[in-house]
Amino acid sequence: MLVSPAFSTSWLRLFVPERMEFVFLSIFLMCYAYVLQHKQAIFALICGIISANIALYYKETAFAMIGAFAFVMLVCGYRNFSVQIRIFNLVLLLSSIVWLVVYYYVVLLNKQGDGFYGETPYNALLMVGKGFFYRLDE
């Protein structure tokens, strides 16, 4: 998938600031898989935490992905995973919570505009319907 034409052309565009987010998320997932396979992988654990934290601050979607991933892995795999993996998931979840607090204080409290992104005077159901039926004619 990384060498597909669509990914390669999007990587080579002049202005795609989120492309490095994908790299750091990939590094995080590779480190996570390595830590699952090798029980004493402190370097991979630290590298995974650092790359996940770097990816968090590229775009808001990384916060949701890493936070949800860590929460589900922490809750669903609590009895199956070692203490090292539990700590890894807990640190990832705490990193996502710290990101949310920083985002609230830096962005939302300092917002000076009239509305928030995506805010519209139209009914929410109308906007959801527009989203579903927007591209049906193609």
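**Helix packing around α5**

Ser51 sits in helix α3. In this predicted model, that serine counts as buried, since its relative accessibility comes to 4% and the cut-off for buried is under 20%. Setting aside neighbours within four places in sequence, Ser51 is in contact with Phe24, Ile27 and Phe28. Ile54 also has its place in helix α3, but with a relative accessibility of 34% Ile54 counts as partly exposed. The C-alpha atom of Ile54 is separated by 8.7 Å from that of Leu25, a residue 29 positions away along the chain.

Stepping back to the overall fold, the protein has six helices and zero strands, so the run of elements from the N terminus reads simply α-α-α-α-α-α. Buried residues account for 24% of the 138 residues. Of the contacts with a separation of 6 or more, 58% join residues 24 or more positions apart.

What does the largest nonpolar core look like? This core holds 21 residues, and the members that touch the most other members are Phe28, Tyr32, Val35, Ile66, Phe88 and Leu92. Helices α2 (19–37), α3, α4 and α5 each supply at least two residues, and α3 gives the most, with six residues. As a general matter, nonpolar side chains tend to be buried together in soluble globular proteins. Phe88 shows how the core is wired: leaving out residues up to four places away in sequence, Phe88 touches Phe28, Tyr32, Val35, Leu45, Gly48 and Ile49.

Much of the packing can be followed from helix α5 (residues 83–108). Take α2 to begin with. Helices α2 and α5 pack at an angle of about 155°, with their axes 10 Å apart. That angle makes α2 roughly antiparallel to α5, the cut-off being over 145 degrees. The crossing of the pair is left-handed. On the α2 side, Phe28, Tyr32, Val35 and Leu36 meet Gln84, Ile85, Phe88, Asn89 and Leu92 of α5. The residues of this contact divide into seven nonpolar, two polar and no charged.

Two residues of α5 are worth a look here. Ile85 lies in this helix and is buried, with a relative accessible area of 1%. Beyond its neighbours within four places in sequence, Ile85 is in contact with Tyr32, Val35 and Leu36. Ile85 and Tyr32 are 53 residues apart along the chain, yet their C-alpha atoms are separated by 8.7 Å. Gln84 is likewise found in α5, and this glutamine is buried too, because its relative accessible area of 15% falls under the 20% cut-off. With its neighbours within four places left aside, Gln84 is in contact with Val35, Lys39, Gln40, Ala41, Ile42 and Leu45.

Next comes α3 (residues 42–56), which packs with α5 at an angle of about 20°, the axes lying 10 Å apart. The two helices are therefore roughly parallel to each other, as angles under 35 degrees count that way. Here α3 passes α5 in a right-handed crossing. The α3 residues that make the contact are Ile42, Leu45, Gly48, Ile49, Ala52, Asn53 and Leu56, and their partners in α5 are Gln84, Phe88, Val91, Leu92, Ser95, Ser96 and Trp99. Sorted by character, the contact residues are nine nonpolar, five polar and no charged.

That leaves α4 (residues 60–76), whose axis comes within 8 Å of the α5 axis and crosses α5 at roughly 145°. Helix α4 passes α5 in a left-handed crossing. From α4, the contact takes in Glu60, Phe63, Ile66, Gly67, Ala70, Phe71, Met73 and Leu74; from α5, Arg86, Asn89, Leu90, Leu92, Leu93, Ser96, Trp99, Leu100 and Tyr103. By residue type, this contact divides into twelve nonpolar, three polar and two charged.

Some α5 residues turn up again from one contact to the next. Leu92 meets α2, takes part in the contact with α3 and appears once more in the contact with α4. Phe88 is part of the contacts with α2 and with α3. Both Phe88 and Leu92 are among the core members that touch the most others.

Definitions and conventions
Residues numbered from 1 in each chain as written. Predicted model: local features only at pLDDT ≥ 70, side-chain atom pairs only at ≥ 80, totals over all residues. Heavy atoms only, no water. Helix = DSSP H or I, 4+ residues; strand = E, 2+ residues; numbered from the N terminus. Buried < 20%, exposed > 50% of the residue type's maximum accessible area, 1.4 Å probe, protein only. Contact = heavy atoms within 4.5 Å. Axes fitted to C-alpha atoms, helices over the stretch in contact; angles between N-to-C directions. Parallel < 35°, antiparallel > 145°, perpendicular 65-115°, else oblique. Left-handed = near helix turned anticlockwise from the far one by under 90°. Nonpolar A, V, L, I, M, F, W, Y, C, P; charged D, E, K, R; others polar. Core = buried A, V, L, I, M, F, W, Y, C linked by side-chain atoms within 4.5 Å.
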